[in-house]
Structure formats: structure tokens, C-alpha cells
Amino acid sequence: MDALAGRYDAFLEASRAGDRARASAEFHAILGLRPGVVPAGFSQVTPAGQSLQRYDTLRKVDLVALSRGQRAVAKFEDLSRAQASHLQRLARTLGWQSARRGPYARRYDRVASEPSQAGDRYSVAVSRGSGAREVLEAEDDRSPEGTRRAGLLLGYPPCCVERFVEVSQSPEAREEGVNEAGLRAFVGEGEALPWRLNPLCTVSLVGFLPCGPGCAPALAFAQRVLDALAAEDRDGVRRVRATLVRPVLFFRYPLWFSFDGVVQGTDVVYRGALRNDDGEAHPAWTSWAEGIVGCALQVGEGVSLRDGVLAVTSPLGEVARWRLTEPTVPRLLRFEDAG
Ligand SMILES: [Zn+2]
């Protein structure tokens, strides 16, 4: 188990035991925030809204890219048994090949989520020609070589595949898990990123972590998927862009907030803030995320992250301020048209 996973466990244990002081300390440590100044009187309501990324949703972008011939092979993870069967039936109808693995227990964000019933998830790989079975066989290897083979079979750019293999072997991956380490390697310290490469969404055009914000083959991959979307639904492209361009305050792979707003300099000015909700987060996790950060964002209209301070502001003044721990955990991600 990686060290971050151990911290998640300590948080959930404290919260189960009703030890609010320890739960608060652990949760702040996970978010990389020193306990901050948050005005009293916030209500702990969970705002309704839709999530950027859900793990239990079939990625339709990949199906469209497959059906338009812009991808040859795609893999769908963490599906329910019904979704997996539906997808395999669909593949048969279209004359595509498919292969399935599972059941397995959910891998994503395992410690921040309610324990799922043992073995209720499936992966399905689908290919127009051959490749579906080979992708899953390569992954069964559970080795850097298997990861490399699977990535290349899925049509991901070789530079991005190599970078991911490298990150998966890094001390950061051992410390924080491979998803978290991979994302941090991609976003850096929070420089502006092309929205076409935004990986934090169910409608992400790329289902892999690009090796960097300027990766030309990754941008070309994203453009091919966009072309497929455009051929299917002109308005779909506009809606996908509007979704992927939203600024994000990222803390941890299972926790980030997206904004209905704009970037001004390095700050974000927003009308609304929405916690990412994968639909499966542990109630204690959700409650602390809202109680510490979400409630401040509901009151504020601006957020800044600089000089070791995360601050939420409103026209009436500062709503909340936290000094950051080292190394810095939060990232304020800005997505732009360039690229
Ligand atoms: Zn690349």
C-alpha cells in the first residue's frame, strides 16, 4: 500500500471513531492545507450538480471515435456487469471484437470510497479488427513491459506510453499511487494546459495521461477524436469544449472542484464551484471535503493559489485562506485553446 493510501485509511478510521479533531488533522494533511481561517456560520450543504468524471459511466467519446474509425481499439474500465454485457453485445452487432476481464474489486480511489462488494467490476476492450484480446492479455502481465504493450495497442503515442511506464516505476508512484503521480507529472506546478488534453473528465478526448502539455502526438490523437465527434454531432464539440475548458482546483485524484468561471491572470473568478463526485465517495470524505473547502467555495467568487497560500475571495473580502504544506498538494489548473 502506498503512503498516501495509509493516510486515507487513518482519516477514515478517525472519522469512524468520531474523533473529529484527528479526522480534521488527517484530512487537512491529505489536502496539503494547514488548518485555515474559515468564517463561522457556513452550512454544510452538499451542492447538487453534475460531476466531471464518473468511474461508473461508459465513455461514449471512445465509442464514437471507434465507430467513426478514428480509433482501432479502446478499453472501458470499472463497468458494471450489465454495462459490460451491453458493450459486448453492441460490439457483436457492429462486427467488432471484444474481450472482458473481471469481476474485480474497484481499483480507483479504493481507500476514499466505500468498500465495494468484492468483485463487481469489469474491463472490456473493444476493437474494430484484432487487438481487444491482446490489450487485456498485455495488462494481465502486470509488468512495465505489459503496460507498454497495452498502451501501444490502444494507439496511445509512444512518448506518452514511455513516460507513463517511467512514472509508474517512480518513488512518487510508490508514495501516492500511479494515477496521482501520473497526473502530477502531466500538470506540473499548474501551468496552463490545452483543454484538448484535459484528462479529468468522462468526456476527455484522451483516455491516457499525455507526456506533457505540448505533446504533438497526444494533441493529434485528441484532434482525431474531436473530428469523430464533429462528424457525429456538431453541437457535441461545443459542449465538450465548454466542459473541458473549465478551471479546476485539484487536490487529490478523488477530490477536485471545477468552476463555472474564467481565468484572470493566474486566479479564477467564478459563478459556481462544483465538487467532483464520482458517485461512490465515502460519506465522511464527502462531508469533510464540503466542510473544509466546498463551503468556502460556495460563498466565494474567486480563488487564488500562489506564494504558498490558497485563498477564496468575494467582493466583500477574503472568505477563507490556508497556508500550504510542502510539497504543495493543490493545483489550480487552467485550460486554454492553445495547442
Ligand atoms: Zn507524448
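The legends below describe close-up views of a predicted model.

**View 1. Confidence along the chain of the predicted model.** The pLDDT averages 87 over the chain, and 90% of the residues score at least 70. Residues 40-49 have a pLDDT below 50, and beyond near neighbours in sequence this stretch makes 11 contacts in the model.

**View 2. Helix α3 and the elements that cover its buried residues.** Helix α3 comprises residues 60-67, and its buried residues are Val 61, Asp 62, Leu 63, Ala 65 and Leu 66. The cover over the buried residues of α3 includes strands β1 and β3 together with helix α10. Just after α3, Gly 69 adopts a positive phi of about 75°.

**View 3. The open sheet of 3 strands, with helix α4 packed on it.** The strands of this open sheet follow the order β1-β3-β2, and their pairing is antiparallel. Strands β1 (73-79) and β2 (97-104) are the edge strands, each of which pairs on one side only. On average, and with direction ignored, neighbouring strands of this sheet are turned by 10° against each other. Strand β2 is joined by 6 bridges to strand β3 (residues 121-127), and the two run antiparallel; Ser 98 stands opposite Val 126 in β3. Helix α4, residues 81-94, packs on the sheet and touches β1, β2 and β3, while its direction makes about 15° with that of β3.

**View 4. The contact of helix α10 with helix α11.** Helix α10 (residues 216-232) packs against helix α11 (residues 234-244) at an angle of about 135°, and the axes of the two helices are 5 Å apart. Because of this angle, α10 counts as oblique to α11. On the α10 side the contact is made by Leu 226, Leu 229, Ala 230 and Glu 232, which meet Arg 234, Gly 236, Val 237 and Val 240 in α11. Sorted by class, the residues of this contact are 5 nonpolar, 1 polar and 2 charged.

**View 5. The open sheet of 7 strands, with helix α12 packed on it.** The order of the strands in this open sheet is β10-β9-β8-β7-β6-β5-β11, with antiparallel pairing. Strands β10 (317-323) and β11 (331-333) stand at the edges with a single partner strand each, so one side of each is left without a neighbour in the sheet. Neighbouring strands here are turned against each other by 35° on average, direction ignored. Strand β5 (residues 248-252) pairs with β11 in the antiparallel sense over 3 bridges, and Val 248 has Leu 333 in β11 as its bridge partner. Helix α12, residues 283-299, packs on the sheet and touches β6 (255-264), β7 (267-275), β8 (302-306), β9 (309-314) and β10, its direction making about 125° with that of β7.

**View 6. The hairpins formed by β8, β9 and β10.** Strands β8 and β9 pair in the antiparallel sense over 5 bridges, and Arg 306 stands opposite Val 309 in β9. The hairpin of β8 and β9 has 2 residues between the strands, and within this hairpin Asp 307 takes a positive phi near 55°. Strand β9 also pairs with β10, in the antiparallel sense and over 6 bridges; here Thr 313 is found opposite Glu 318 in β10. Strands β9 and β10 likewise form a hairpin, with 2 residues between them.

How values were computed. Residues numbered from 1 in each chain as written. Predicted model: local features only at pLDDT ≥ 70, side-chain atom pairs only at ≥ 80, totals over all residues. Axes fitted to C-alpha atoms, helices over the stretch in contact; angles between N-to-C directions. Helix = DSSP H or I, 4+ residues; strand = E, 2+ residues; numbered from the N terminus. Parallel < 35°, antiparallel > 145°, perpendicular 65-115°, else oblique. Contact = placed C-beta atoms within 7 Å. Nonpolar A, V, L, I, M, F, W, Y, C, P; charged D, E, K, R; others polar. Pairing = 2+ DSSP bridges. Buried ≥ 20, exposed ≤ 12 C-beta atoms within 10 Å, placed from the backbone. pLDDT = per-residue confidence, 0-100.
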